Amino acid sequence: MPFAYFASRGQESRWKVRISLMIENQQVEGPNMTTTEVAMEEIDVELCGKLADCGGEVVKTIIPVAGCTVEALFKSLHRQHPQLGELLSDRRIKVCVNFSIVDANASVAVGDQVALFPPVSGG
Amino acid sequence: MSVQVSLATRLFEPADALRSFTAEIEEGAIVSFTGYARASGRSIKQIDAMVLESYRGVTLASMKAIAADAMERFEVERCVVIHRAGRIEPKEAIVFVAAASTHRRAAFEAADYLMDRLKTEAVFWKREEGMGDRSWIEPTGRDYVDAARWNS
């Protein structure tokens, strides 16, 4: 497991998360482990099409206040919404940020309009 | 050159759309196509309705991009695309496209192209509802083969 986290509600509706970062494939204990605090905030992610059947039209997830990549957003959704796990594994799912479809390296910031698109049906 | 693309959230009348498109004709050819909702579904034998979900401006933008590509690819002077979204009952029009060109071939091809790409790329999520069930549907293999004809 690349990292573990422990979360508690902080002030002003923000999440403060203590993240124990470890270098993957190295020992859990010892000098390779460092601890830091990252301010997190909850965002809404809209689910379109058949995704909404499993998760509802909107799910909440937490991302760093400084933002994260689409790839990190997916990991966050996987952790926090295991009921979506199989559907989210579909590599055809596209992420729409502020009304544009973006790739896995794109950034997601707090306040962005984020939606997950399953494969389109066409007209 | 003019392009009109719209997302209709209510019933529209294709005959009115065609009448409007042909009102001030200057080209030599107009080709139009209208798609209607069928009563028999792909997964559900007898459907009550087809539901097309769209996503804010993204669906309309995807339709506009397809129409713009058609205008660039074929020698057409005008085209119109109207697509329903929301709950559509059998026998209601889902889509209307029309293209106008000096000679017939470009108009035929543009209308064909518009429909092939709309069927596979327009940002809609479509489900059939009926007989107490609902089923999401995706483009068929045939739809993808049709759309691939334009890749060359």
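**Exercises on a sheet and two cores**

In this predicted model, chain B holds an open sheet of 4 strands in the order β5-β3-β7-β8, paired in antiparallel fashion.

**Exercise 1.** Work out which strands of the chain B sheet stand at its edges.

*Solution.* Begin with the strand order, β5-β3-β7-β8 in chain B. β5 (86–88) and β8 (133–137) of chain B each have a single partner strand, so they are the edges, and one side of each is left without a neighbour in the sheet. Going from one strand to the next, the twist averages 25°.

**Exercise 2.** Describe how β7 of chain B is joined to β8(B), and find the residue that stands opposite Glu128(B).

*Solution.* Strand β7 covers residues 125–130 of chain B and is joined to β8(B) by 5 bridges, the two strands running antiparallel. Opposite Glu128(B) stands Ser135(B), which belongs to β8(B).

**Exercise 3.** Identify the residues that touch the most other members of the largest nonpolar core, and then the elements that build this core.

*Solution.* The core has 32 residues, of which Val76(B), Val81(B), Val97(B), Leu114(B) and Leu118(B) touch the most other members. Two or more residues each come from β3 (49–53), α2 (56–73), β4 (76–84), β6 (93–101) and α3 (104–121) of chain B, and α3(B) gives the largest share, 8 residues. Taking Val97(B) as an example, and leaving aside residues up to four places away in sequence, its contacts include Val31(B), Phe33(B), Val81(B), Leu114(B) and Leu118(B).

**Exercise 4.** Name some residues of the core that lies apart from the largest one.

*Solution.* This other core has 21 residues, including Val45(A), Val70(A), Ala106(A) and Leu116(A).

Key:
Residues numbered from 1 in each chain as written. Chains lettered and ligands numbered in written order. Predicted model: local features only at pLDDT ≥ 70, side-chain atom pairs only at ≥ 80, totals over all residues. Heavy atoms only, no water. Pairing = 2+ DSSP bridges. Axes fitted to C-alpha atoms, helices over the stretch in contact; angles between N-to-C directions. Core = buried A, V, L, I, M, F, W, Y, C linked by side-chain atoms within 4.5 Å. Buried < 20%, exposed > 50% of the residue type's maximum accessible area, 1.4 Å probe, protein only. Contact = heavy atoms within 4.5 Å.
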